[in-house]
Amino acid sequence: MSGKPRLTYLNGRGRMEPIRWLLAAAGVEFEEVFLQTKEQYDKLIKDGLLLFQQVPLVEIDGMKMVQTRAILSYIAGKYNLYGKDLKERALIDMYVEGISDLMQMILMFPFSPPDAKEKNLDSIKDRATNRYFPVFEKVLKQHGQDFLVGNKFSWADVQLIEAILAVEEKIPAVLSGFPQLQAFKTKMSNMPTIKKFLQPGSPRKPPPDDHYVETVMKVFKR
Amino acid sequence: MSRKPKLYYFNGRGKMESIRWLLAAAGVEFEEEFLETREQYEKLLQGGSLLFQQVPMVEIDGMRMVQTRAILSYIAAKYNLYGKDLKERAWIDMYVGGTDDLMGFILMFPFLSDEDKEKQRAFIVQKATSRYFPAYEKVLKDHGQDFLVGNSFSWADVHLLEAILMVEEKKSDVLSGFPQLQAFKARISSIPTIKKFLEPGSHRKPVPDDKYVQTVRRVLRMYYDVKAN
């Protein structure tokens with residue numbers, strides 16, 4: 001039996017993608033089980049593997065972990081991506097939570113009705129350029145360091161690069177006006193573990209398409 | 001200058017209530033500034049105190065913290081309510097994630113139309129009794145200990161008690177069928193700091209009413225058209 005973490009989710013980004021990013025950034029290899037049918041999902045529940053009947057599920061260090069944030073915090077703590085003390089952890093948590101609010105909008109986007117999509121895209125652009133990106137632009141400008149917190153690579157940096165790329169997929173020129181973030185994006189993309197994750201053949205999943213949306217509806221049908 | 005934490009929010013539960021619970025459980029006194037007008041909120045925004053332009057905001061240990069989960073994690077760790085190691089913290093985070101999801105269904109309840117409120121009430125009770133309460137009932141039954149994690153009082157216990165009381169406000173007999181949770185509720189409620197918080201005159205806020213809803217809408221200019229789950 002492998003000691004690698006095992007991820008159970010759909011074959012797509014969803015709520016598991018930040019976890020794939022963080023494990024990859026930490027240089028941790030992992031296995032994946034993909035849910036394709038309602039029967040598979042019902043079996044997981046019946047077998048008592050899902051504490052709250054939900055995925056993501058990550059089997060790691062003898063635990064069957066659920067709840068995305070709990071999983072991410074555990075990985076960050078285990079692989080020293082959570083700052084050096086309580087205050088750095090507080091900053092990382094604040095940054096990650098803010099970015100996560102932005103990512104939530106992107107997560108829900110494929111499931112919005114066709115006539116709401118343009119409005120939702122405008123909201124994503126508005127939030128990214130007026131609420132979230134300016135904060136991180138300012139943080140990086142003020143301390144002039146490569147990383148968001150404590151002059152050291154952390155979970156916050158991984159979450160931010162993921163968000164930048166996800167928003168750019170929807171709004172290609174979104175970083176114009178954010179020179180610090182442009183430089184940050186380049187630096188993070190060139191870090192060896194992240195560079196590897198951004199190459200074809202990695203566990204990184206493509207943007208959600210209609211097939212993904214259909215699978216979600218099918219597997220989680222009430 | 002007072003060293004007590006200072007909470008900036010509306011005079012009502014919302015997202016700040018879990019923070020009030022945790023500080024109180026830890027025996028920490030705090031101050032509150034209540035947002036009543038749009039002008040107050042704009043002043044906070046212009047002053048740069050709200051990192052993502054949102055409340056809750058808590059001034060604590062020289063930081064202006066935002067993001068409810070970040071604030072709660074900081075308080076839990078600072079006051080030793082976060083387990084003894086990484087694995088215990090993982091369990092606490094998982095349990096808190098569940099109660100957070102459950103309380104999330106109740107958070108927007110006051111903003112719903114009367115018709116949607118009935119729908120949502122049924123939804124809340126269904127989720128509580130079929131998904132969340134059974135999970136915690138089993139945890140307590142399996143280890144037979146007084147607290148959820150590591151045989152030691154933690155953030156997870158505070159959060160679960162808060163969730164139980166909130167669901168009971170929607171359906172008073174919702175714990176019938178959950179003997180472990182009934183015993184848990186009695187036990188945790190009698191912890192001195194929590195007992196004090198549950199008494200009149202504490203920082204605990206009442207069930208949100210129309211006045212609260214109007215204040216939030218007026219100050220934030222949002223949440224006019226909230227839908228049920």
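Select residues 85-209 of chain A to start: this stretch is 66% helix and 0% strand, and its end C-alpha atoms sit 41 Å apart. The UniProt record, an unreviewed entry, lists these residues as "domain: GST C-terminal". Keep in mind that you're looking at a predicted model.

Next, stay in chain A and bring up the sheet. You'll find 4 strands in the order E2-E1-E3-E4, forming an open sheet with mixed pairing. At the edges are strand E2 (31-35) and strand E4 (63-66), each pairing on one side only. On average, neighbouring strands here are turned by 20° against each other, direction ignored.

Now zoom in on strand E3 (residues 57-60) of chain A, which pairs with E4(A) in the antiparallel sense over 4 bridges. Pick out Glu59(A) and you'll see Lys64(A) of E4(A) standing opposite. Then add helix H3 (residues 68-78) of chain A: H3 packs on the sheet, touching E3 and E4, and its direction makes about 125° with that of E4(A). Helix H1 (residues 17-25) of chain A is worth showing too; H1 lies across E1 (6-10), E2 and E3, running at about 150° to E1(A).

Hop over to chain B and colour domain 1 (6-79 + 198-220) and domain 2 (86-190) separately. Their centres, taken over C-alpha atoms, are 22 Å apart. Where the two meet, 20 residues of domain 1 contact 17 residues of domain 2. Together these domains of chain B bury about 1,600 Å², with 67% of that on carbon and sulfur atoms.

Last stop: 3 salt bridges cross this domain interface in chain B. Still in chain B, show Arg13(B) and Glu169(B) as sticks; they form a salt bridge, with the closest N and O atoms 2.8 Å apart.

Terms used. Residues numbered from 1 in each chain as written. Chains lettered and ligands numbered in written order. Predicted model: local features only at pLDDT ≥ 70, side-chain atom pairs only at ≥ 80, totals over all residues. Heavy atoms only, no water. UniProt positions renumbered as here; feature names shortened; annotations may be inferred. Helix = DSSP H or I, 4+ residues; strand = E, 2+ residues; numbered from the N terminus. Pairing = 2+ DSSP bridges. Axes fitted to C-alpha atoms, helices over the stretch in contact; angles between N-to-C directions. Contact = heavy atoms within 4.5 Å. Domains from an automatic or database assignment. Buried area = accessible area lost by both parts, 1.4 Å probe. Salt bridge = Lys/Arg side-chain N within 4 Å of Asp/Glu carboxyl O.
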